[in-house]
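Student: I should like a close look at a single part of this protein, namely the metal site. Please describe how it is built and what surrounds it.

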Amino acid sequence: MVNRIITVAVYIFAAIGVLTSAYLIYDVSTEANGDDEAKSPAEFGIRNVDGLLMVANDNKFNGTNPDIRLATNTSKGLVILNAESDEHNFLIDDLGVNSGILKEGKYFNTTLTATKPGVYEYYCSLHQDDMRGRIVVQ
Ligand SMILES: [Cu+2]
């Protein structure tokens, strides 16, 4: 009986091991396809940004769609770069910002100014589920 339990336990551990290694192999192979190998902004000719640089890549802005922080009535420069082959745009409806369609390597230069504190939204209208974030004005 004890032997039987040990045998079953060994099989379970073996199965977990096989599944784990299969997962790892899958993970490595998807990485190796290189879809998310981002070019650096410098490769698109962007070296100095007076303000904030947001890079559209892998259907995200700067990887995590970070909050953009602004102080009321204080301007902040913003450059949106599309670093991948998918087209993107960048909109902030409340601040009247619209980059238009950006093809790979194209960038959009603007200055953000908000006169009222609050939380506004930025997004790409082509990938609204994945590419959206907040502008926090204090
Ligand atoms: Cu997009």
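Tutor: Along the chain, the donors of the copper ion follow the spacing H-x35-C-x2-H-x3-M. Donors here are N, O and S atoms within 2.8 Å of the metal (3.2 Å for Na, K and Ca); water is not among the atoms, so sites may look incomplete. H88 lies in the loop between β4 and β5 (91-92), and C124 in the loop between β8 and β9, so the pair ties together parts that are 36 residues apart in sequence. Strands are DSSP runs of E with at least two residues, numbered from the N terminus.

This is a predicted model, in which local features need pLDDT of at least 70 and side-chain atom pairs count only at pLDDT 80 or more, while totals for chains, interfaces and linings use all residues. Residues are numbered from 1 along each chain as its sequence is written, and side-chain values use heavy atoms, with hydrogens and water left out.

The coordinating atoms are ND1 of H88, SG of C124, ND1 of H127 and SD of M131, at 2.0 to 2.6 Å from the copper ion. These four donor atoms subtend angles of 84 to 137°, which makes the arrangement irregular; four donors count as tetrahedral if all angles lie between 85 and 135 degrees, and as square planar if opposite donors are over 155 degrees apart and all others between 65 and 115. Both H88 and C124 are buried, that is, under 20% relative accessible area (1.4 Å probe, protein chains only).

Strand β4 also holds L81, which is buried with a relative accessible area of 0%.

Note on methods
Tetrahedral: all angles 85-135°; square planar, octahedral: opposite > 155°, others 65-115°. Helix = DSSP H or I, 4+ residues; strand = E, 2+ residues; numbered from the N terminus. Buried < 20%, exposed > 50% of the residue type's maximum accessible area, 1.4 Å probe, protein only.
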